[in-house]
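Open your viewer, load the model and keep the selection tool ready. We will walk from stop to stop, picking a few residues each time.

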Amino acid sequence: MAPVENHEKLPVPPRISDATLRDSAHMAGVEFGPKDAAAIAGLLVRTGVELVEVGMVSGPDSKDTPLVEAVHETVGPERSMTLLVVRDRQQVARALDEAERLGVRHIMYSIPTSEQHAKLKLGSPSAKFLHALARSAIGQAKERGFHVTFSGEDGARTPRERLVPYVTAGFEAGADRFRLAETVAYLSPWQMETVIADLTAIDDSEVEIHSHNMLGMAVANSLAAVRAGARWISATVDGIGERGGNAPLAELLASLRVVHGDTRFDLTHLTELSRIALKGSGLGEAFQAGPTTPHAFAYELPGQLSHPEAYETLPAELVGNARELRVRTRLAPALVTWALADSGIFVDVDAFTAWLADRQEQAGGPLLDRDAIRKAAIDFQSS
């Protein structure tokens with residue numbers, strides 16, 4: 001007996017962007033190479049994904065240059081988007097220079113909107129300063145001819161009275177799209193609908209949702225956002241990403257097919273995408289979402305280790321997990337300082353970091369955790 005089809009039609013079928021090759025840049029210990037990036041980007045476009053988000057640029061000499069170039073060569077710059085970090089006007093100008101050099105057409109600005117993240121990353125929680133910085137960054141990019149998506153980093157925890165004026169200011173400055181980043185998994189689907197409805201009510205707004213999956217609701221929250229008028233969903237292959245992962249692409253597209261009768265996407269590439277992404281990321285045969293996995297509270301950005309409360313809805317200890325450092329080549333003195341704290345090991349941190357980075361490059365970038373860095377520091381002392 002054939003199943004009865006009772007599809008719920010969405011207001012507007014969502015367009016899909018995939019952040020596998022960008023969000024992994026923030027995920028502890030995961031580093032894709034250009035060959036994997038090209039293969040993943042090609043399969044994503046064949047699946048029907050409109051934009052492949054790749055790399056992160058904060059200024060010249062970006063480490064992600066090989067990934068951006070590989071994706072551009074495979075699917076073209078019009079089908080890709082690169083994240084630009086926003087900290088101040090001069091830094092934005094340097095990042096835009098680098099994006100132009102790489103031939104980027106679509107940029108996505110990462111701008112922290114919650115008071116906690118703004119104070120941590122911008123040095124000020126002031127909403128007035130936030131608006132001025134966003135307007136300046138967007139204006140600079142539009143003057144250069146970029147398509148601009150601007151984000152609300154930690155937007156899901158940003159109060160309505162702070163978030164809505166910020167998003168309004170961004171569109172008034174000429175931005176093309178706003179991305180609500182559920183940086184810290186925080187909302188239920190019904191709460192998500194309310195938040196997104198406030199944003200889609202803004203004149204001429206185009207809204208995207210980017211959810212993390214620590215609570216297992218990233219797909220549900222993404223679909224709820226679309227019900228409230230969001231036009232884009234950001235996902236990743238197998239949900240690969242930091243803090244419990246992201247909205248998994250296969251589950252998202254399957255849900256669109258089964259629940260909403262959306263047949264726009266070619267799902268036959270999903271298993272191959274999963275195989276390539278898991279192998280390239282070094283995550284084994286499966287990536288698990290949620291708070292109990294070894295990756296859930298693993299970080300490689302110093303700010304996440306020194307200010308975990310800004311990135312965690314619940315602490316690792318609450319579920320019997322532990323906070324850990326995992327890194328391959330993205331070493332920084334601040335990471336080393338954290339790893340060596342309370343160890344009784346004393347080294348010149350800058351010299352040791354440079355020495356360890358050279359050793360990692362020669363060894364092919366094996367995964368380092370806190371214990372491995374401490375052991376390396378002992379080797380450095382005796383060298």
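Leaving aside its neighbours within four places in sequence, which residues is H106 in contact with? Select H106 and look around: the contacts are L51, P77, E78, S80, M81, T82 and H147, where contact means heavy atoms within 4.5 Å.

Before going further, note that this is a predicted model, in which local features need pLDDT of at least 70, side-chain atom pairs count only at pLDDT 80 or more, and totals for chains, interfaces and linings use all residues. Residues are numbered from 1 along each chain as its sequence is written, and side-chain values use heavy atoms, with hydrogens and water left out.

**Stop 1: H106 and its partner**

Stay with H106, which belongs to strand β4 (residues 106-110). Helices (H or I, at least four residues) and strands (E, at least two) are DSSP runs, numbered from the N terminus. H106 counts as buried because its relative accessibility is 11%; buried means under 20% relative accessible area, exposed over 50%, and partly exposed in between (1.4 Å probe, protein chains only). Now add H147 to your selection: the two side chains make a polar contact of 3.4 Å. A polar contact is a pair of N or O atoms within 3.5 Å; within protein, one must be able to donate a hydrogen and the other to accept it, and residues adjacent in sequence count only if both atoms are side-chain atoms.

**Stop 2: strand β2 and its neighbours**

Next, select strand β2 (residues 51-57), where 6 of the 7 residues are buried. Strand β1 (residues 15-19) runs parallel to β2, joined by 2 bridges. Two strands pair if DSSP finds at least two bridges between them. To see one of these bridges, pick D18 and its partner V52 in β2. Strand β3 (residues 80-85) also runs parallel to β2, with 4 bridges between them. Here you can pick M56 and its bridge partner L83 in β3.

**Stop 3: helix α6**

Move on to α6, a helix of 17 residues. From its first C-alpha to its last, α6 reaches 24 Å, close to the 24 Å expected at 1.5 Å a residue; the expected span is 1.5 Å times one less than the number of residues. At the N-terminal end, select S126, which caps α6: a side-chain oxygen lies 3.3 Å from the backbone nitrogen of K128. Among the buried residues of α6 are L130, H131, L133 and A134. What covers the buried residues of α6 includes α4 (89-102), β4, α5, β5 and α7. After α6 comes G145, with a positive phi near 90°.

**Stop 4: helix α7**

Now for α7. Its end C-alpha atoms are 18 Å apart, which agrees with the 18 Å that its 13 residues should span at 1.5 Å a residue. The buried residues of α7 include R162, L163, Y166 and F171. Against what do the buried residues of α7 pack? Show α5 (115-122), α6 (127-143), β5, β6 (177-182) and α8 (189-200) to see them. After α7 comes G174, whose phi is positive, near 110°.

**Stop 5: aromatic rings**

How many aromatic pairs does the structure hold? There are 7. Select F150 and F171: this pair is edge-to-face, with 5.5 Å centre to centre and 80° between the planes. Rings of Phe, Tyr and Trp (its six-membered ring) pair if their centres lie within 6.5 Å; planes under 30 degrees apart count as stacked, over 60 as edge-to-face and the rest as tilted. The pair links distant parts of the chain, F150 in strand β5 (residues 147-152) and F171 in helix α7 (residues 160-172), 21 residues apart. F150 is buried at 0% relative accessible area, and F171 is buried at 11%. Add Y166 and F178, and you have one aromatic cluster together with F150 and F171.

**Stop 6: a loop residue**

Finally, select E153, in the loop between β5 and α7. Is E153 buried or exposed? E153 counts as buried, because its relative accessibility is 10%. Show S110 as well: a polar contact of 3.0 Å joins the two side chains. Not counting residues up to four places away in sequence, E153 also touches others, including I111, P112, H117 and K121.
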